Amino acid sequence: MILYVSDLRRSIEWYRDVIGLPFRFEGDGYAEFATEGCKFALYHRDKLPELLGRAAIAGGPGGEAAFVVDDVDAEMERVRAAGAEILSGPVDRPWGHRTVHVLDPDGFVVELAQEISRGGDGGGT
């Protein structure tokens with residue numbers, strides 16, 4: 001997943017310092033994190049014409065990044081203390097995740113999900 005961001009430095013710091021992703025490298029409007037099992041990167045919106053042949057439009061493109069964590073409640077407290085805006089959760093989902101949703105600096109939704117047994121009551125807190 002590559003998110004198109006308006007302020008590359010701010011987004012690098014947020015995903016590195018708030019979410020806790022290990023930073024890999026940055027260059028030419030692109031930044032990548034050292035994630036396992038998937039690629040997660042950021043790309044400056046101003047450079048979209050070079051990449052896609054067109055500029056970003058208002059309201060898009062958008063997306064959600066989801067990361068599996070060991071303890072979603074602890075992660076929620078950690079990211080809240082780091083200044084992240086909590087949108088929802090933690091909530092137990094019937095598909096086997098306990099989730100919390102936070103907002104990144106560009107308005108993308110970031111889901112932190114902990115694997116739990118399926119078929120929970122869906123109540124959460």
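The exercises below work through the fold, helix 1, the aromatic pairs and the cores of a predicted model. Local features need pLDDT of at least 70 and side-chain atom pairs count only at pLDDT 80 or more, while totals for chains, interfaces and linings use all residues. Residues are numbered from 1 along each chain as its sequence is written, and side-chain values use heavy atoms, with hydrogens and water left out.

**Exercise 1. State the element content and order of the chain.**

Step 1. Helices (H or I, at least four residues) and strands (E, at least two) are DSSP runs, numbered from the N terminus.
Step 2. The chain has three helices and eight strands.
Step 3. Starting at the N terminus, their order is β-α-β-β-β-α-β-α-β-β-β.
Step 4. Of the 125 residues in the chain, 39% are buried; buried means under 20% relative accessible area, exposed over 50%, and partly exposed in between (1.4 Å probe, protein chains only).

**Exercise 2. Check the length of helix 1 and describe its ends.**

Step 1. The expected span of a helix is 1.5 Å times one less than its number of residues.
Step 2. Helix 1 covers residues 8–19, twelve residues, so it should span 16 Å. Its end C-alpha atoms are 15 Å apart, which agrees.
Step 3. At the N-terminal end, D7 acts as cap, with a side-chain oxygen 3.3 Å from the backbone nitrogen of R9.
Step 4. After helix 1 comes G20, with a positive phi near 90 degrees.

**Exercise 3. Explain the spacing of buried residues in helix 1, then place R10.**

Step 1. The buried residues of helix 1 are L8, S11, I12, W14, Y15, V18 and I19.
Step 2. An α-helix has 3.6 residues a turn, so residues three or four places apart point the same way.
Step 3. R10, also in helix 1, has a relative accessible area of 33% and therefore counts as partly exposed.
Step 4. R10 touches P105 and D106, leaving aside residues up to four places away in sequence; contact means heavy atoms within 4.5 Å.
Step 5. The C-alpha atoms of R10 and P105 are 7.3 Å apart, although 95 residues separate the two in sequence.
Step 6. The side chains of R10 and D106 are joined by a polar contact of 3.4 Å. Such a contact is a pair of N or O atoms within 3.5 Å; within protein, one must be able to donate a hydrogen and the other to accept it, and residues adjacent in sequence count only if both atoms are side-chain atoms.

**Exercise 4. Classify two aromatic pairs.**

Step 1. Rings of Phe, Tyr and Trp (its six-membered ring) pair if their centres lie within 6.5 Å; planes under 30 degrees apart count as stacked, over 60 as edge-to-face and the rest as tilted.
Step 2. This rule gives eight aromatic pairs.
Step 3. Y4 and Y43 are 6.4 Å apart centre to centre with 70 degrees between the planes, an edge-to-face pair.
Step 4. Y4 lies in strand 1 and Y43 in strand 4, so the pair ties together parts 39 residues apart in sequence.
Step 5. F25 and Y30, at 5.9 Å and 45 degrees, form a tilted pair. F25 is partly exposed at 37% relative accessibility, whereas Y30 is buried at 15%.

**Exercise 5. Describe the largest nonpolar core.**

Step 1. A nonpolar core is a set of buried Ala, Val, Leu, Ile, Met, Phe, Trp, Tyr and Cys residues joined through side-chain atoms within 4.5 Å.
Step 2. The largest has 25 residues, and those with the most contacts inside it include Y15, F40 and F67.
Step 3. Helix 1 gives the most to this core, with six residues.
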